[in-house]
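Please walk me through this structure in the viewer, stop by stop. For each stop, say what to select and what is found there.

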Amino acid sequence: MRIGIFFGGPSRERDVSFAGGRTALANLNKALFDPVLVFVSGWGRFYIVEPEFLENTSIRAALPEQDGFSVYDESLEEEDVIPGEQVEPEWFEDYFDMAFLAMHGPDCEDGAIQGLLEWHKMPYTGPGILGSGLGINKILQNNLIALVNGQQKKTATITRDVWNQADQGAFFTSLVSHLGLPVVVKAPHQGSSIGVAIVRENDLGTFQKAVGQCFFTTTLSLSDWAAMDEQAKHEYAQRTATLSSAIGYPLIIENTGEYAMHPADLIEKLDDEADEDADRIFTLASVNAEDELLFEEFISGQEFSCGVIQDDDGLAVALPPTEIYNAEAFDYETKYLNSVAKKRIPVGTSLENNRAIQVGIEQLFTKLGINVYSRIDGFLTPEGPARGDEPGEPQRILFHDPNTIPGMSPTSLIFKQMAEIGMNLSDSLTYLIRQSLRERIRTGKDTHRLKQMLTELDAKLATRKATMLPEQVIHFGPTDDDWNRARAEYNAAAALAETRPQLVYLKSKVENHEVPVYFLFKDTIADLEEALASPRHPLLIETQERARHITERYV
């Protein structure tokens, strides 16, 4: 089966998606699937590219610099800057049989690309249009989650027009009175914690800056601009191109209504305006600026993230939840740019609480109309204070942010959790493709052809399971470098699908251990040794058994 791996896209998460494309290419089972790389540009155009494209560190690194600036393709004038063959959607079927979606954010997991693919009768991975549309709208999510499970979380919203006309000091005072401090500010249509700010102090200036950040706008004094030297102007214009933390290009200078497509274009326009009148304050806004913001109360508690998958009957099975700790906020920088945040599976709480999280996750997944797989985040709040012999208040579980295309780096939480039920990276991707085919059949579109595809894939899976592959033992020693090398070798062998890889830890000359799949994602040798020496958590054993009817098809 030819699998078109869609990566990139027009959203602010495109560099996260770039890494996801690399993961899918490396780990698809080559005995079952033939990968075809489909880079989606910032303009939403589709290009068949070679694997060398993914060897770059980022999308901007894969594109030529212009005028000394590193930019995305929207800022480049040439039409042939992307080294690949442009393909129109009506010809997709000439290149691949199914689309593997490794894209995130608006246009990529909100039902837009899903609808385009359904129109052209191209099956795709992940949830369908309904679940995708819900998964990108944080305001709607809060309302629907409350309808499903009755949870109460204080929130507020404001549109850009109302914000601009409001007494902002009075609004902030009212908001603090309603939500308390800290206040969480969110751009409601973004993922990867982009467009999220936490205002911890009762300071109007800090709040105004957070609001502008989440609307994807920024203000600039032309007198400050005029005082910059050429190097400072260059750095300002370059920083503005960073989609994860700045407004990006193209942008609009709201005072004049002019567009700036490129950093050099912005410098030229601001220089011209500063020459005329340097006393003005200019507002710059992304062309994809948010029009409404969400404010939430700050939840103090144990933060967790829990994946959920489906069986053939469409029933949800929650994976073991992961606790994120040792970080003030699980934001974009913490997720992708540093290693501050720590993770443990399951959550460091009682078995009953972990079970309750799973039950709540399964309920939300089903009631919200999501299918195939998802990842839903939440908080487990502390117990209330006890008085005398009276017990404290029970811990409260709050859910938020269903994510319909979870991150797809090799160390993403969804893959860590699937390993806990016995599925390695290659098995997990095979599950995702097969279960997506099963769910596309339920839409009643192109049913006969999709059933044929599913039947053929199931036959190959059954043949593969009945074939005794030779074992490939991968030994490694007691250093983190050894462990990382061995895991990479294991994943490569699993994807090549010519052998059955088995990791063996050579702790010493007289002591060695076979490493089961569910230990694959231990970060360090120390973590691995601790896991090998400890009894397995009851929740992990329970969950593995509950999912056995799913995993036995793939493992």
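Contact, as used in this tour, means heavy atoms within 4.5 Å. The model is a predicted one.

**Stop 1: the four-stranded sheet**

Select β6, β13, β7 and β8, which form an open sheet in that order, with antiparallel pairing. At its edges are β6 and β8 (196-199), each of which pairs on one side only. From one strand to the next, the twist averages 20°.

Start at the β6 edge. Strand β6 (residues 155-159) pairs with strand β13 (residues 292-297) in the antiparallel sense, over 5 bridges. To see one of them, pick Thr155, whose bridge partner in β13 is Glu296. Colouring β6 by accessibility separates its two faces: Ala156 and Ile158 are on the covered face, while Thr155, Thr157 and Thr159 are on the uncovered one.

Now go to the β8 edge. Here β7 and β8 are antiparallel and share 4 bridges. Lys186 is the residue to pick, with Val196 of β8 opposite.

Add the helices next. Helix α7 lies across β6, β7, β8 and β13, and runs at about 40° to β13. Helix α8 also lies across β6, β7, β8 and β13, running at about 170° to β8.

**Stop 2: loops that follow these helices**

Select Pro182, in the loop between α7 (168-179) and β7 (183-186). The peptide bond joining Leu181 and Pro182 is cis, with omega about -5°. A second cis bond runs from Tyr249 to Pro250, with omega near 0°. For that one, look in the loop between α10 (230-239) and β10 (251-253), where Pro250 lies.

Most residues other than glycine have a negative phi, and most peptide bonds are trans. Phe216 is not a glycine, yet its phi is positive, at about 60°. Select Phe216 in the loop between α8 (204-215) and β9 (217-221). Is Phe216 buried or exposed? Its relative accessible area is 4%, so Phe216 is buried, the cut-off being under 20%.

Asp446 also has a positive phi, about 55°, without being a glycine. Asp446 sits in the loop between α15 (425-441) and α16 (447-466). Because its relative accessibility is 28%, Asp446 counts as partly exposed.

**Stop 3: cysteines**

Select Cys214, which is buried at 0% relative accessibility. Cys306 is likewise buried, at 0% relative accessibility. How many disulfides does a search of the whole structure find? The search finds 0.

**Stop 4: Gly42**

Move to the loop between β2 (34-40) and β3 (46-49), the place of Gly42. Gly42 has a relative accessible area of 11%, so it counts as buried. Which residues is Gly42 in contact with, leaving aside its neighbours within four places in sequence? They are Gly9, Pro10, Arg14, Asp73 and Glu74. To cross to the next stop, draw a distance from Gly42 to Val504: the two are 462 residues apart in sequence and 44 Å apart in space, C-alpha to C-alpha.

**Stop 5: the three-stranded sheet**

Select β20, β21 and β22, an open sheet in the order β20-β21-β22 with mixed pairing. Its edge strands are β20 (471-476) and β22 (512-515), each pairing on one side only. Neighbouring strands of this sheet are turned by 30° against each other on average, direction ignored.

Strand β21 (residues 500-506) pairs with β22 in the antiparallel sense over 4 bridges. Within this pair, Tyr505 has His513 of β22 as its bridge partner. Helix α17 (residues 480-496) packs on the sheet and touches β20, β21 and β22, its direction making about 165° with that of β20. Helix α18 (residues 525-533) packs on the sheet as well, touching β20, β21 and β22, with its direction at about 95° to that of β21.

**Stop 6: a helix pair**

Finish with helix α13 (residues 351-367) and helix α19 (residues 538-546), which pack at an angle of about 35° with their axes 10 Å apart. The crossing of α13 past α19 is right-handed. For the contact, select Leu351, Asn354, Arg355, Gln358 and Glu362 on α13, and Pro538, Leu539, Glu542, Thr543 and Arg546 on α19. By class, the contact of α13 with α19 has 3 nonpolar, 3 polar and 4 charged residues.

Definitions and conventions. Residues numbered from 1 in each chain as written. Predicted model: local features only at pLDDT ≥ 70, side-chain atom pairs only at ≥ 80, totals over all residues. Heavy atoms only, no water. Axes fitted to C-alpha atoms, helices over the stretch in contact; angles between N-to-C directions. Left-handed = near helix turned anticlockwise from the far one by under 90°. Nonpolar A, V, L, I, M, F, W, Y, C, P; charged D, E, K, R; others polar. Pairing = 2+ DSSP bridges. Disulfide = S-S within 2.5 Å. Buried < 20%, exposed > 50% of the residue type's maximum accessible area, 1.4 Å probe, protein only.
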